[in-house]
Amino acid sequence: MDDYLNSLGLSPQELNKVMYHRSNMAKPGFDAEGNPITIYATGIQIPSGKYKGQFVSIPGYVGGKVIEDESELWRTWKKDIEAGKWPIYPTSKALNERDAWLHQVMERDMALERAKQMPATPVFYKDPFGAPD
């Protein structure tokens, strides 16, 4: 973990979300507009168990595809949710507020990754036929 993440005071469950995102940065999915998808954080209300009625933020990007069906997401992540691996909130409002902040953390990661891919010096087009600039 880096100093930046250490400075944020993330819970272990929130850190798990960031690490899931980072694990998918090298080979993300893409939405219809071509934007990368590394986690597709999705909030669902927990239907059963000790956290029933509360809200959990889990990855909707699983196995290279986006899952939006809440029942399928529950089945996919139930064991991890019950083990306390993903952040649980008392209300959907609390979940959405925290997810918005965590999204900024992940956007920072993506911006840093894009910056690494940019050449150190600008590359300008050169006409292969030698036309003057």
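1. Threonine 38 sits in the loop between strand 2 (36-37) and strand 3. The model is a predicted one. Threonine 38 has a relative accessibility of 7%, and the cut-off for buried is under 20%. Threonine 38 therefore counts as buried.

2. What does the side chain of threonine 38 make a polar contact with? The partner is the side chain of histidine 21, at 2.6 Å. His21 also appears among the contacts of threonine 38 beyond four places in sequence. The others in that set are Tyr20, Asn24, Met25, Pro28, Tyr61 and Met110.

3. Strand 3 comes after that loop. Its two faces differ in cover: Thr42 and Ile44 form the covered face, while Ala41, Gly43 and Gln45 form the uncovered one. Strand 3 runs antiparallel to strand 4, and five bridges join the two. Two positions help to fix the register by eye. Threonine 42, on the covered face, stands opposite isoleucine 58 in strand 4. Glycine 43, on the uncovered face, has serine 57 as its bridge partner in strand 4.

4. The sheet is open and has three strands, in the order 3-4-7, with antiparallel pairing. Which strands stand at the edges? They are strand 3 and strand 7. Each has a single partner strand, so one side of each lacks a neighbour in the sheet.

5. Helix 3 deserves a close look. This helix covers residues 70-82. A straight helix of 13 residues would span 18 Å, at 1.5 Å a residue. Helix 3 spans only 16 Å between its end C-alpha atoms. Helix 3 also has a kink of about 55°, centred on threonine 76.

6. Which residues of helix 3 are buried? They are Leu73, Trp74, Trp77 and Ile81. A general point helps in reading that list. An α-helix has 3.6 residues a turn, so residues three or four places apart point the same way. The cover over the buried residues of helix 3 includes helix 2 (12-23). It also includes strand 3 (41-45), strand 4 (55-59), strand 5 (61-62) and strand 7 (88-89). Strands 3, 4 and 7, the members of the open sheet, are thus among the elements over this helix.

7. Both ends of helix 3 have a feature to check. At the start, a side-chain oxygen of aspartate 69 reaches to within 3.2 Å of the backbone nitrogen of serine 71. After the helix comes glycine 84, with a positive phi near 80°.

8. Lysine 65 belongs to strand 6 (residues 65-66). Is lysine 65 buried or partly exposed? At 47% relative accessibility, it counts as partly exposed. Beyond its neighbours within four places in sequence, lysine 65 is in contact with Gly60 and Glu72. Lysine 65 and glycine 29 are 36 residues apart along the chain, yet 7.1 Å separates their C-alpha atoms.

9. Now the whole chain. The protein has four helices and seven strands. Along the sequence the pattern is α-α-β-β-β-β-β-β-α-β-α. The protein has 133 residues, of which 32% count as buried. Take the contacts between residues at least 6 apart in sequence: 57% of them join residues at least 24 apart. The exposed area is about 8,700 Å², and carbon and sulfur atoms supply 54% of it.

Technical notes. Residues numbered from 1 in each chain as written. Predicted model: local features only at pLDDT ≥ 70, side-chain atom pairs only at ≥ 80, totals over all residues. Heavy atoms only, no water. Expected span 1.5 Å × (residues − 1). Bend = angle between axes of the 7 residues up to and from the residue. Buried < 20%, exposed > 50% of the residue type's maximum accessible area, 1.4 Å probe, protein only. Contact = heavy atoms within 4.5 Å. Polar contact = N/O pair within 3.5 Å; in protein donor to acceptor, adjacent residues only side chain to side chain. Areas by Shrake-Rupley, 256 points an atom, 1.4 Å probe, with all protein chains shown as cover. Pairing = 2+ DSSP bridges.
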